[in-house]
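Work through the following exercises with the sequence and the model side by side. Try each task before reading its solution.

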Amino acid sequence: MNHKQRVKISIIDEDPIFLSALYHTLDSIDSEIYPIELKTFSDGLLFINDEWSLSDQPQIIILNDFLPKKSGLELIQLLRKRPENKNDSIIMMTQGISEDDIIFAYKSGIDFHLRKPFSLRVFKARMESMIGRIGKHE
């Protein structure tokens, strides 16, 4: 079957400039090969209360550790309890946290950790790889 499932990507960060940079980096991925849908959120509460977060589609959730209203870790714990989100891929972006905090984030349910600042080119390559794997599952 040639049809690839659409991949939803949610980006959650309070910094509008960084949010825009990530959005445009992901939007530049060839959507004919990797059909993706993008949506941004400025805080965890907006995301968790949005219908977008509830989906049967594979979803990649990229979130900052420090967010207004719901922290990244609180959000991860909520997501992993919801049947609709338990298999989503979660990437947590952090800046200046300890190794123990990163280990705790993995134990809480993240799939990948990015330490800020990071290269947008490397981020794009990593995301193309993840999207390609998710897009092949039908």
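The exercises below go from the whole chain to single helices and then to single residues.

This is a predicted model, in which local features need pLDDT of at least 70 and side-chain atom pairs count only at pLDDT 80 or more, while totals for chains, interfaces and linings use all residues. Residues are numbered from 1 along each chain as its sequence is written, and side-chain values use heavy atoms, with hydrogens and water left out.

**Exercise 1. The whole chain**

Task: Find how many helices and strands the protein has, and in what order they run.

Solution. Begin with the terms: helices (H or I, at least four residues) and strands (E, at least two) are DSSP runs, numbered from the N terminus. By this rule the protein has five helices and five strands, and from the N terminus on they run β-α-β-α-β-α-β-α-β-α. The radius of gyration is 14 Å, close to the 14 Å that the globule rule gives for 138 residues, so the protein is as compact as a globular protein of that length; here the radius is taken over C-alpha atoms, and the rule is 2.2 Å times the number of residues to the power 0.38. Taken along the principal axes, the C-alpha atoms fill a box of roughly 45 × 35 × 25 Å.

Task: Describe the burial, the contacts and the surface of the protein.

Solution. Of the 138 residues, 45% count as buried, where buried means under 20% relative accessible area, exposed over 50%, and partly exposed in between (1.4 Å probe, protein chains only). Turn next to contacts, which means heavy atoms within 4.5 Å: of those with a separation of 6 or more, 68% come from residues 24 or more positions apart. The accessible surface comes to about 7,700 Å², and 52% of it belongs to carbon and sulfur atoms; the areas come from the Shrake-Rupley method with a 1.4 Å probe, and for residues only the protein chains shown count as cover.

**Exercise 2. Two helices and their buried faces**

Task: List which residues of α3 are buried, and state what they pack against.

Solution. Helix α3 covers residues 72-81, and its buried residues are Gly 72, Leu 75, Ile 76 and Leu 79. Seen down the helix axis, these buried residues fall within an arc of 100°, so they line one face of α3; the arc is that of the directions from the helix axis to the C-beta atoms. An α-helix has 3.6 residues a turn, so residues three or four places apart point the same way. The buried residues of α3 pack against β1 (7-12), α2 (44-48), β3 (59-64), β4 (89-94) and α4 (99-108).

Task: Do the same for α4, and add which residues on its other side are exposed.

Solution. The buried residues of α4 are Ile 102, Ala 105 and Ser 108. Viewed down the axis of α4, they fall within an arc of 120°, so they too line one face of their helix. What covers them includes α3, β4 and β5. On the other side of α4, Glu 99, Asp 100 and Lys 107 are exposed. Just after α4, Gly 109 takes a positive phi of about 130°.

**Exercise 3. Backbone in the loops**

Task: Say what is notable in the backbone at Pro 117 and at Lys 69.

Solution. Pro 117 is found in the loop between β5 (112-115) and α5 (120-136), and the peptide bond that joins Lys 116 to Pro 117 is cis, with omega near -5°. Lys 69 belongs to the loop between β3 and α3; its phi is near 75°, a positive value in a residue other than glycine. Lys 69 counts as exposed, at 64% relative accessibility.

**Exercise 4. Buried or exposed?**

Task: For Ser 53, Gln 57 and Thr 25, state how accessible each residue is.

Solution. Ser 53 lies in the loop between α2 and β3 and is buried, with a relative accessible area of 0%. Leaving aside neighbours within four places in sequence, Ser 53 is in contact with Phe 47, Ile 48, Gln 59, Arg 82 and Asn 85.

Gln 57 is also found in the loop between α2 and β3, but Gln 57 is partly exposed, at 24%. Gln 57 and Arg 6 are 51 residues apart in sequence and 7.2 Å apart in space, C-alpha to C-alpha.

Thr 25, in helix α1 (residues 16-27), is buried at 11%. Not counting residues up to four places away in sequence, Thr 25 touches Leu 120, Phe 123 and Lys 124.
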